[in-house]
Amino acid sequence: QPLLPFRYPPFAALMFLPFSFLPVISAYWAFFLLNLLFLTVIALLSRYAFPHLTSYRFWPLLPLTFFLFFHSLMIGQISIFLTLIFLTAYISLRQNRPLLSGVLFGLLAIKPQLLLVLLPVTLLLIPQKTKFTLGLFVSLVILISMSLITTTPADLLHYPAFITSTENPISGSNPAHLASLSSLLPHVPAVIGLYLLLFITLAFLSRKLVWTLLWPASLPLVATLSPHLSSTDFTLAAPAYFILLNLTFSPHASPKHLYFSFLAIFLSGILVYLPVYLWSLPFIILSVVLLTICLPSRKKSSSPGTPP
């Protein structure tokens, strides 16, 4: 088979460089073990972001109930790393470290299309926007500088045009097989209209829900409107899933939380039976369910550290 183009940003080549010195099969298993390490760190960090999870005896195994982590492990994608990036940025902001949170959030630029759709909603929902934006700017400057190690300034400027020209089946990217709503709504104005409607809706909900819940819970909804979304990118829905489990294991949990947790596990599990272009639908349901069951709670504080 002919080699497919490397469509990640140039700085990402440095991340994959060590694996190029290994045979293909060995590189796959090395990357598999690295993803297992990322997944372990996610499990350990989840107790700080979602403390009620630890009331379950086998809480370190809870991430394994999220099907997409298995999917990412098997096909060797970086999506688990993306989830770890967001989780650390989320925890940093809750710990009143917006500058660090912005730096970490900027690492999502490894998938520019995700950063493009997530950033406006993020700046809408989070506190301490100025310091967060400064950290994001610092992160992007560092990543651009790293890119100049692997390519020339002219090629770096040509990168957006390169991505557009390789968005086709010949280059290994079939828009009809993407997991985003763009596969079902190929008309760009319709997707933009949905994004604006979602943005306005989240602005309204931000008056009723704390950002510590609304920000991660909105991720699956926003990600579905990305112009390019692979099936594994829905690992970004994991924080919303963890919030639902956190509510379920809370001392004040109601039976509906348990029912909806089982529903979330079911929705995650049926993905294997759905065509990829329908994968966005279960995660839209997950976000809507989570926001709905939490909506009656009154907004008490928007300060970092408020538990979801």
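**Exercise 1. Place Leu286 in the predicted model and decide whether Leu286 is buried or exposed.**

Leu286 sits in helix 14; helices here are DSSP runs (H or I, at least four residues), numbered from the N terminus. This is a predicted model, in which local features need pLDDT of at least 70, side-chain atom pairs count only at pLDDT 80 or more, and totals for chains, interfaces and linings use all residues. Residues are numbered from 1 along each chain as its sequence is written, and side-chain values use heavy atoms, with hydrogens and water left out.

Step 1: take the relative accessible area of Leu286, which is 7%.
Step 2: apply the cut-offs: buried is under 20%, exposed is over 50%, and partly exposed is in between (1.4 Å probe, protein chains only).
Step 3: Leu286 is therefore buried.
Step 4: for a sense of distance, go to Thr40, 246 residues from Leu286 along the chain; the two C-alpha atoms are separated by 24 Å.

**Exercise 2. Find the largest cavity and describe its lining.**

Step 1: recall the idea. Rolling a probe the size of a water molecule over the atoms shows where empty space is left. On a 1 Å grid over the protein atoms alone, a cavity is a set of points where a 1.4 Å probe fits but cannot get out, while a pocket is an open set with protein on both sides within 12 Å along at least five of seven lines; lining residues have an atom within 4 Å of a point.
Step 2: search the whole structure, and one cavity of 30 Å³ or more turns up.
Step 3: the volume of the largest cavity is about 40 Å³, where a volume is the space filled by probe spheres set on the points, and grid points are joined across faces, edges and corners.
Step 4: list the lining: Phe66, Tyr241, Ala264, Leu267, Ser268, Pro282, Phe283 and, from the exercise above, Leu286.
Step 5: assign elements. Helix 13 (255–269) and helix 14 (280–294) each give at least two residues to this lining.
Step 6: sort by class, with Ala, Val, Leu, Ile, Met, Phe, Trp, Tyr, Cys and Pro as nonpolar, Asp, Glu, Lys and Arg as charged, and the others, Gly among them, as polar. The cavity lining has seven nonpolar residues, one polar and no charged.

**Exercise 3. Describe the largest pocket.**

Step 1: its volume is about 1800 Å³.
Step 2: 49 residues line the pocket, and Phe6, Arg7, Tyr8, Pro9 and Tyr159 lie nearest its centre.
Step 3: helix 2 (24–49), helix 6, helix 7 and helix 9 (159–165) each contribute at least two lining residues.
Step 4: by class, the pocket lining holds 32 nonpolar, 14 polar and three charged residues.

**Exercise 4. Examine two residues with positive phi, Asn96 and Gln128.**

Step 1: start from the usual case. Most residues other than glycine have a negative phi.
Step 2: phi of Asn96 is near 65°, and that of Gln128 is about 50°.
Step 3: locate both. Asn96 is in the loop between helix 4 (79–94) and helix 5 (98–105), and Gln128 is in the loop between helix 6 (112–125) and helix 7 (129–150).
Step 4: check exposure. Asn96, at 47% relative accessible area, is partly exposed, and Gln128, at 27%, is partly exposed too.
Step 5: add Arg97, which is also in the loop between helix 4 and helix 5. Arg97 lies 34 residues from Lys131 in sequence, and their C-alpha atoms are 8.6 Å apart.
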